[in-house]
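Trainee: I should like to learn how to read the features of a structural model one at a time. May we go through an example together?

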Amino acid sequence: MKLIMLGAPGAGKGTQASVLSEKYEVPHISTGDIFRANIKNGTDLGKKAKEYMDQGLLVPDELVVNLVVDRLQQEDAKKGYVLDGFPRTIPQAKALDAELEKQGAAIDYCVDVEVPDEVIVDRMSGRRVCPKCGEPYHHEFKIPKVDNVCDKDGETLILRKDDEPETVLKRLNVYHEQTQPLIDYYSSKGILVEVDGTKDVKGVTEQIVASLGEK
Ligand code: ADP
Ligand code: ADP
């Protein structure tokens with residue numbers, strides 16, 4: 001299964017990608033997590049990416065595309081993957097198509113998780129993430145088993161610097177301008193699945209799984 005998760009920042013892409021990656025037994029590939037790991041390790045890529053991320057801007061396409069192409073060539077990606085946060089621009093989508101064509105592969109579905117902007121702002125203020133595996137939590141909507149600790153690896157959860165309200169508004173604008181056009185791009189390819197992301201986490205997963213099953 002090869003999936004793309006599309007949606008505004010905070011729509012629930014990471015949450016659903018984590019569930020779907022377990023269900024379909026394919027890796028969860030999050031470009032945001034890859035950049036955050038590079039920032040933590042102080043790499044050159046991390047230093048460059050941080051300048052953009054802290055401002056709520058997209059990292060330039062040329063820094064993202066090669067990274068994803070390399071990741072998709074790894075052995076574990078042969079059986080499929082859930083792409084979370086990539087592609088985010090039309091040039092990224094075209095670069096992905098070119099790589100897939102070379103591999104003789106194709107994306108099965110692009111899942112668009114739809115959530116209105118007002119709901120996003122509320123969700124983001126309550127988001128806490130695991131600094132190690134990137135798993136997202138919420139103090140009201142996805143509560144960890146132990147207060148402020150990741151269920152998967154026991155790390156203390158953190159608030160992302162770019163989740164402060166001002167940066168979230170900027171990221172939403174960037175989403176509408178640069179990423180939303182991908183909805184039409186994948187719709188015209190006939191692989192778009194749209195789900196109502198305002199339902200609870202389980203309700204959103206059920207809609208996605210039902211749609212993938214029908215197609
Ligand atoms: P969210 O889960 O809130 O949508 P991500 O973790 O996916 O956020 O991304 C965080 C930041 O990392 C983005 O605001 C952007 O700066 C950068 N980023 C992640 N993926 C991409 C991408 N495909 N293209 C450009 N920038 C990206
Ligand atoms: P994205 O990857 O699209 O930026 P996340 O999966 O990180 O979004 O979710 C953003 C925040 O909203 C997190 O705090 C997460 O726990 C919470 N969340 C995710 N899905 C839902 C949902 N269906 N209902 C309520 N809160 C949710």
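Trainee: Is N148 buried, exposed or partly exposed?

Mentor: Please keep in mind that this is a predicted model. The label depends on relative accessible area: under 20% is buried, over 50% is exposed, and partly exposed lies in between. N148 has 31% relative accessibility, so it counts as partly exposed. N148 sits in the loop between β6 and α7, and its phi is positive, at about 65 degrees, although N148 is not a glycine.

Trainee: Which value of phi does E25 have, and where is E25 placed?

Mentor: E25 also deserves a look at its backbone. Its phi is positive, about 55 degrees, and E25 is not a glycine. E25 belongs to the loop between α1 and β2 (28-30). With a relative accessible area of 61%, E25 is exposed.

Trainee: Why does T179 count as buried, and what does its side chain reach?

Mentor: One compares the accessibility with the cut-off, then looks for partners. T179 counts as buried because its relative accessibility is 4%. T179 lies in helix α7, which covers residues 165-179. The side chain of T179 reaches the backbone oxygen of R88 at 2.8 Å.

Trainee: Which peptide bond is cis?

Mentor: Here one reads the omega angle. The bond from F86 to P87 is cis, with omega near -5 degrees. P87 is in the loop between β3 (81-84) and α5 (90-103).

Trainee: How should I read the surroundings of a ligand, and which residues come nearest to ligand 1?

Mentor: Begin with the shell, then turn to polar contacts and to covered area. Of the 20 residues around ligand 1, T31, R36, L57, G85 and R171 come nearest. The shell divides into 8 nonpolar, 5 polar and 7 charged residues, and α2 gives the most to it, with 4 residues. As for polar contacts, a polar backbone atom of L57 is 2.6 Å from an oxygen atom of ligand 1. Nitrogen atoms of the ligand also have partners: a backbone N or O atom of V59 lies 3.0 Å from one, and a side-chain N or O atom of Q92 is 2.9 Å from one. On its own ligand 1 has 560 Å² of accessible area, of which the protein covers 96%.

Trainee: Which residues come nearest to ligand 2, and which elements each supply at least two residues of its shell?

Mentor: The reading follows a similar order. Among the 20 residues around ligand 2, those that come nearest are G10, T15, R127, Y137 and K199. The elements that each supply at least two residues of the shell are α1 (13-24), β6 (136-138) and α9 (201-214). By class, the shell holds 8 nonpolar, 6 polar and 6 charged residues. A backbone N or O atom of G12 is 3.0 Å from an oxygen atom of ligand 2. A backbone N or O atom of K199 lies 2.8 Å from a nitrogen atom of the ligand, and for a polar backbone atom of V201 the distance to a ligand nitrogen is 3.4 Å. Taken alone, ligand 2 exposes 560 Å², and the protein buries 94% of that.

Trainee: How many residues line the second largest pocket, and which lie nearest its centre?

Mentor: For a pocket, one considers volume and lining. The second largest pocket holds about 400 Å³ of space. Its lining has 19 residues, with R36, A37, I39, I158 and R160 nearest the centre. These 19 divide into 9 nonpolar, 1 polar and 9 charged. α2 gives the most to this lining, with 5 residues.

Terms used
Residues numbered from 1 in each chain as written. Chains lettered and ligands numbered in written order. Predicted model: local features only at pLDDT ≥ 70, side-chain atom pairs only at ≥ 80, totals over all residues. Heavy atoms only, no water. Near = heavy atom within 4 Å. Polar contact = N/O pair within 3.5 Å; in protein donor to acceptor, adjacent residues only side chain to side chain. Areas by Shrake-Rupley, 256 points an atom, 1.4 Å probe, with all protein chains shown as cover. Nonpolar A, V, L, I, M, F, W, Y, C, P; charged D, E, K, R; others polar. 1 Å grid on protein atoms, 1.4 Å probe; cavity = no way out; pocket = protein on both sides within 12 Å on 5 of 7 lines; lining within 4 Å. Points joined across faces, edges and corners; volume = space filled by probe spheres on them. Buried < 20%, exposed > 50% of the residue type's maximum accessible area, 1.4 Å probe, protein only.
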